[in-house]
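Please work through the exercises below with the sequence and the model open beside you, and try each task before reading its solution.

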Amino acid sequence: MRSRLMLAGVLVLAAVVYLAYTSWQGAAMYYLTPSEVASQGEALRGRSFRLAGVVAEGSVVFDAAEGELRFDVVDDTSAVPVLYAGSLPDNFAAGQQVVAEGTGDGTGGMVATRLIIKCPSKYEEGSAQTASGRNTLLIGVAGVAGSAVLVGCVALLVGRGRRPRGRV
Amino acid sequence: MTFPTALIVLALMAAAYGTGALSLGAFGRGRRELVEHGRVAALLSAGALTVASGLLIRYLAVSDFRLAYVAAHTNRALPAVYKIAAFWAGQEGSFLLWALVLGWFAVYVSRVTWRRAPELSARALTFILATNVFFLLVMVARANPFTLASPVPDDGIGLNPLLQNFGMLAHPVTLYLGYVGFTVPFAFAVAYMLGGGSGGKSTGGGKTPRKSRRGSLDSAHTGSPGAEWLTLTRSFTIFSWLFLSIGIILGMQWAYVELGWGGYWAWDPVENASLIPWLTATAFLHTALVQERKGTLAGWNVALIAATFFLTILGTFLTRTGVVSSVHAFAESGLETYFLPFMAVIVLGTGYVVARNWSRVKETKPLGSFLSREAAVVLAGFLFVAFAAVVLWGTLVPLFSRLASGREVSVAAPFYLRSAVPIGAVTVVLLGLCQQLGWSRTSTGPLLRVLAAALGVSVAGSFALAWFLAPGSPAPNTLWGFGAAFLVVLSALVLFARDMRARRSSTGEGPLRALAALIELSPRRYGALIVHLAIAAMALGFAGTPFRQEATFVLLPGQTATAAGRELKFTGLSAEHLPHRVSVVASIEVRGDGLASLRPEKQYYPNYESAFTEVAVLGGLVEDIYVILEAWSPDGSASLRVIREPLVAWIWIGGYLLAAGTLLSAWPRSLGVNPRAPAGSPNE
């Protein structure tokens with residue numbers, strides 16, 4: 001029974017590896033910058049990739065009747081025109097960090113199927129900075145407490161190791 | 001240092017002291033009186049966190065913008081209920097909630113569980129407090145919700161409108177209860193491996209009065225190895241699993257109505273982070289059943305529960321540090337420096353403990369026939385773990401590729417649809433088949449007859465439903481999903497009917513009374529059946545996805561469009577002014593089988609440049625009609641996107657059914673005792 005169970009386990013494992021491998025091919029997407037997309041242009045036709053950059057000012061056009069959103073994703077050197085067939089996502093605005101997922105159109109542009117918009121979270125960063133500046137004392141206290149726990153854990157493990165093995 | 005911050009530091013010191021005292025007192029030939037210190041420290045830590053949380057709620061409720069956290073996540077115009085919910089809107093508050101929940105779990109273990117298994121509980125408490133030390137440490141160092149704002153603003157920034165939704169009130173809390181809860185079963189598993197409970201530990205002389213009770217309670221279970229450990233771990237796991245499930249379902253419902261979150265499930269890293277531990281915990285709940293009945297698989301179960309705990313920490317790490325990009329973006333926070341060592345300690349520590357004490361979980365007993373429920377349950381365990389492994393791989397691949405080659409490679413929905421989803425479908429099909437198997441051994445004749453009939457009906461039903469939704473040739477995934485769902489339902493109905501017939505022929509009760517009596521006699525069995533029915537309902541909903549249709553209409557007031565077999569009449573636009581926002585509302589009358597009205601909105605908030613979309617959904621058992629107000633023109637016309645979402649309601653029905661079934665099977669009377677089905681039942 002046990003060996004047959006092992007066999008079942010191995011079969012499941014093999015099936016999983018096979019599935020993961022086959023679906024990996026064609027599903028793997030490279031993370032590209034606008035300059036990389038611009039330089040690869042034709043080679044990206046029909047290939048899936050992720051494009052990360054900033055939505056260019058003045059490039060956003062939303063055609064509500066067709067349900068089509070067009071905008072450029074830019075970095076310091078290049079701009080990539082993106083076509084997204086879907087509703088205008090909330091939080092979407094020029095100047096925002098965006099990750100677009102989709103396929104290349106072969107002419108240096110992209111047809112996106114999913115947009116990931118980084119929430120405007122400047123206040124979060126700001127508060128984190130004041131926090132780190134102000135809490136130096138607390139970090140000290142916390143560090144001491146943490147070290148005490150670590151020492152305790154080590155002592156515990158060493159203690160276990162020295163003891164004779166108990167019966168089961 | 002302000003008073004609330006002092007409370008957090010006090011909670012940290014208490015937890016750290018408790019961890020230290022228990023490490024010295026509860027293990028080996030330790031000093032037993034130190035164990036008492038640990039229990040008091042746990043209470044003190046939880047108490048301090050409770051007062052701190054109460055203060056944070058107060059500051060949020062009265063909009064005290066002296067706190068940076070209050071100013072960052074609320075403003076004066078925010079409705080009161082969202083002011084309170086802002087407790088968990090940001091990193092700092094989330095950590096406080098985490099520590100608070102874990103603090104009270106520690107108290108529960110030190111007071112309630114203690115009465116049943118003091119020695120085991122003392123050891124488990126050590127690890128629970130140690131985990132809380134970590135979270136409190138991160139809070140004090142990097143995420144203190146009581147940091148003061150300078151200068152103090154007149155008004156706050158407000159809660160991101162995407163978070164102003166019913167989901168915000170319940171989803172984070174339930175998810176946290178589930179996530180945090182997995183610390184407890186993990187702690188008990190490690191405590192057991194370290195010799196707590198029924199392990200024949202030699203303890204020192206009886207220094208405290210508790211000693212004698214401890215000895216008698218724990219030794220009462222030496223007859224079945226690790227029974228106490230398993231019962232406790234299993235019931236805590238069910239509790240956490242229930243809340244994690246509810247949290248995931250609520251999150252799906254929320255994501256369903258927010259644009260840009262990719263529908264109810266987008267295989268986003270943050271979503272996956274909740275699914276992966278759910279899957280390993282599900283595997284544990286199944287194989288723990290086998291250990292309970294047969295005394296085998298202890299090692300596998302310890303590994304599963306440790307993996308589940310590790311995955312919750314990994315999930316928190318992924319969602320809180322921004323190492324993978326997600327639509328559910330949290331602020332990037334640089335907490336890697338805290339999480340990476342902690343995760344390393346968990347992996348190395350657990351690995352060391354398990355390896356050193358492997359003899360405690362070494363297999364001694366055979367498992368039984370291949371055609372038995374235990375074999376099927378073990379196979380299900382494998383499949384859940386396989387599912388989890390594939391999702392984990394897909395989630396972490398951007399990290400691995402960045403480390404290995406410096407180029408980031410990621411995968412999206414198509415990867416999961418071709419790898420994880422087939423595993424899920426096979427699992428549900430097997431579930432339908434395996435429910436019919438009895439423990440130990442099953443006679444094949446009647447089994448095959450039932451299965452052949454059920455399979456035939458399921459295949460026919462699957463094609464019929466696909467044809468009903470859209471004539472044509474349906475996708476194979478859909479047919480598999482429908483068929484699997486029908487198979488599980490039929491199989492469960494056969495079981496219910498068979499048990500009821502047996503009961504009625506022996507007692508002469510009416511059908512409903514017989515059903516009620518059966519459920520009362522063995523809530524675990526029927527609770528599990530209901531959970532399986534719930535999974536079938538959800539499978540039905542997922543499999544309906546390919547029948548999704550959408551169309552965009554530009555309508556003038558009074559004009560009508562036809563979509564999904566219904567007439568949608570646009571009656572006009574109106575504006576709505578609330579203290580915290582302005583909305584533009586489109587009114588639509590829907591004529592199908594009766595009259596309904598839909599009011600999709602665009603909402604404008606001060607402090608936010610872009611508009612926020614409030615979709616309108618007309619729910620139904622066959623399909624949802626989902627309407628988005630895209631834009632409008634000065635002539636009064638509106639662009640409306642109308643989406644037909646087939647069978648989505650079944651996902652939610654399944655979700656609630658799942659919670660109900662879990663509650664039924666985990667209701668306290670079934671903890672510890674193991675009620676059996678009536679003698680007439682063929683499967684018990």
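Three exercises follow, each with a worked solution.

This is a predicted model, in which local features need pLDDT of at least 70, side-chain atom pairs count only at pLDDT 80 or more, and totals for chains, interfaces and linings use all residues. Residues are numbered from 1 along each chain as its sequence is written, chains are lettered from A and ligands numbered from 1 in the order in which they are written, and side-chain values use heavy atoms, with hydrogens and water left out.

**Exercise 1. Describe the make-up of chain A.**

Step 1: Begin with the elements, where helices (H or I, at least four residues) and strands (E, at least two) are DSSP runs numbered from the N terminus; chain A has four helices and seven strands. Their order along the sequence is α-β-α-β-β-β-β-β-β-α-α.

Step 2: Turn to burial, where buried means under 20% relative accessible area, exposed over 50%, and partly exposed in between, with a 1.4 Å probe and protein chains only. Of the 168 residues of chain A, 40% are buried.

Step 3: Consider contacts, meaning heavy atoms within 4.5 Å. Among the contacts in chain A with a separation of 6 or more, 50% come from residues 24 or more positions apart.

**Exercise 2. Place strand 5 of chain A among its partners.**

Step 1: Sort the residues of strand 5 (residues 79–85) by face: A:V80, A:V82 and A:Y84 lie on the covered face, while A:A79, A:P81, A:L83 and A:A85 lie on the uncovered one.

Step 2: Look for pairing, which requires that DSSP finds at least two bridges between two strands. Strand 4 (residues 68–74) pairs with strand 5 in the antiparallel sense over seven bridges, and these two strands of chain A form a hairpin with four residues between them. Within this pairing, A:V80 is the bridge partner of A:V73.

Step 3: Examine strand 7 (residues 110–117), which pairs with strand 5 in the parallel sense over three bridges; here A:Y84 has A:A112 as its bridge partner.

**Exercise 3. Which residue of chain B other than glycine has a positive phi near 70 degrees, and where is it found?**

Step 1: The residue is B:L297, whose phi is near 70 degrees.

Step 2: B:L297 sits in the loop between helix 11 and helix 12 (298–321) of chain B.

Step 3: Check its burial: B:L297 has 8% relative accessibility and therefore counts as buried.
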